[in-house]
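Work through these exercises with the model open beside you. Try each task before you read its solution.

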Amino acid sequence: MEQYRVPNKLPSEEINILAQRKGRLKQAAQRTAPAPRKKNNRYSFKKIEKIVAASRIAERDTKRILRNFLQTGFRLKNPEIEEGRLILIYRHRAKRVENKPVLRYLNDLNLPFMKCAAFHRLTPEVHAMLKIVEPYVIWGYPQMTVIHDLIFKYGALRNTDTNLRAKSVPLSSNKLVEDIFGTYGIICVDDLVHEIMTLGPNFDKVQQHFRSFVLRNPLGGWKGARKGKLRSIGGEAGFRGDAINELFQKLL
């Protein structure tokens, strides 16, 4: 009867195999399970020092805007600035803007985030907005190669399809261009580049469909220059004219 007796414990090898299988299943479940979302605490604690610093920055911006408009009016005093031309604006600083008018005009210029760029026609209204947001942006006149590389590498259109959750659609094919801009006679990406470069009759409609170009910091960094100071006094911000193309060669 001893040979028919059932042992009290299973063999150790089988126990190890079961344990390993259970561990593999647990790891697989962890990989496929969605990451838990962090709770959005709307009433998170904020130090009083940060609140005071933010209010001082906002107040300083308000004084700067008032002083500039009282001194020089609604336009920047620079003989190289020509209204009616195509300009390229790049927001190079300030992840968070404390002054509400500055933040509103940055959004109006299609620059909601740091390190993004947008094309505009330099009208008197855009000129006045650039004067308000001057310490936060770099702008100038882009060349054909810069326009071409921006659109081909970083171009994205606003999503008009309600079935898609994405807010932007990458500019990946001529068919997409034809579906959106075909009624304006624009059927390929090269037509888009030409319409923007020449400020064609449908420039405003094309501009409304484009999202801002999300870029990076320039190759080699800013080399210690103060990004908030104007270029005319040794900083990086403000009008650059044709020299903006040298900056975008490092950005692209």
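The exercises below concern a predicted model.

**Exercise 1. Two helices that pack**

Task: Find how α5 and α7 pack, and decide which class their angle falls in.

Solution.
- Step 1. Locate the helices. Helix α5 covers residues 144–154, and helix α7 covers residues 189–197.
- Step 2. Read the geometry. The angle is about 135°, and the axes are 10 Å apart.
- Step 3. Classify the angle. Angles over 145 degrees count as roughly antiparallel, and 65 to 115 as roughly perpendicular. The angle of about 135° therefore makes α5 oblique to α7.
- Step 4. Add the hand. The crossing of α5 and α7 is right-handed.
- Step 5. List the partners. From α5 come Met144, Ile147, His148, Ile151 and Phe152. From α7 come Val189, Asp190, Val193, Ile196 and Met197.
- Step 6. Sort the contact residues of α5 and α7 by class. There are 8 nonpolar, 1 polar and 1 charged.

**Exercise 2. A second pair**

Task: Do the same for α2 and α4.

Solution.
- Step 1. Helix α2 spans residues 48–72, and helix α4 spans residues 124–132.
- Step 2. Their angle is about 130°, with the axes 9 Å apart.
- Step 3. That angle makes α2 oblique to α4.
- Step 4. On the α2 side, the contact uses Arg64, Ile65, Asn68, Phe69 and Thr72. On the α4 side, Ala128, Lys131 and Ile132 take part.
- Step 5. By class, the contact of α2 with α4 holds 4 nonpolar, 2 polar and 2 charged residues.

**Exercise 3. Around α3**

Task: Which residue caps the N-terminal end of α3? Which residue just after α3 has a positive phi?

Solution.
- Step 1. Start at the N-terminal end of α3, which runs over residues 100–108. The cap is Asn99. One of its side-chain oxygens lies 3.3 Å from the backbone nitrogen of Val102.
- Step 2. Now look just after α3. Asn110 has a positive phi of about 65° there.
- Step 3. Recall the background. Most residues other than glycine have a negative phi. Asn110 is not a glycine, yet its phi is positive.
- Step 4. Place Asn110. It sits in the loop between α3 and β2 (116–121).
- Step 5. Check Lys115. It also lies in the loop between α3 and β2, and its phi is positive, near 65°.
- Step 6. Judge exposure. Asn110 has 17% relative accessibility, so it counts as buried. Lys115 has 27%, so it counts as partly exposed.

**Exercise 4. Three residues and their contacts**

Task: Place Asn245, Tyr184 and His209, and find what each touches beyond four places in sequence.

Solution.
- Step 1. Asn245 belongs to helix α9 (residues 244–251). It counts as buried because its relative accessibility is 2%. Its contacts are Tyr141, Pro142, Gln143 and Val146.
- Step 2. Tyr184 is in the loop between α6 (174–181) and α7. Its relative accessible area is 28%, so it is partly exposed. It contacts Asn202 and Lys205.
- Step 3. Compare sequence and space for Tyr184 and Val206. They are 22 residues apart in sequence, and their C-alpha atoms are 9.3 Å apart.
- Step 4. His209 is part of helix α8 (residues 203–209). A polar atom of its side chain lies 2.9 Å from the backbone oxygen of Lys205.
- Step 5. Finish with the contacts of His209. They are Ala156, Leu157, Arg158, Ile180 and Phe181.

Key
Residues numbered from 1 in each chain as written. Predicted model: local features only at pLDDT ≥ 70, side-chain atom pairs only at ≥ 80, totals over all residues. Heavy atoms only, no water. Axes fitted to C-alpha atoms, helices over the stretch in contact; angles between N-to-C directions. Helix = DSSP H or I, 4+ residues; strand = E, 2+ residues; numbered from the N terminus. Parallel < 35°, antiparallel > 145°, perpendicular 65-115°, else oblique. Left-handed = near helix turned anticlockwise from the far one by under 90°. Contact = heavy atoms within 4.5 Å. Nonpolar A, V, L, I, M, F, W, Y, C, P; charged D, E, K, R; others polar. Polar contact = N/O pair within 3.5 Å; in protein donor to acceptor, adjacent residues only side chain to side chain. Buried < 20%, exposed > 50% of the residue type's maximum accessible area, 1.4 Å probe, protein only.
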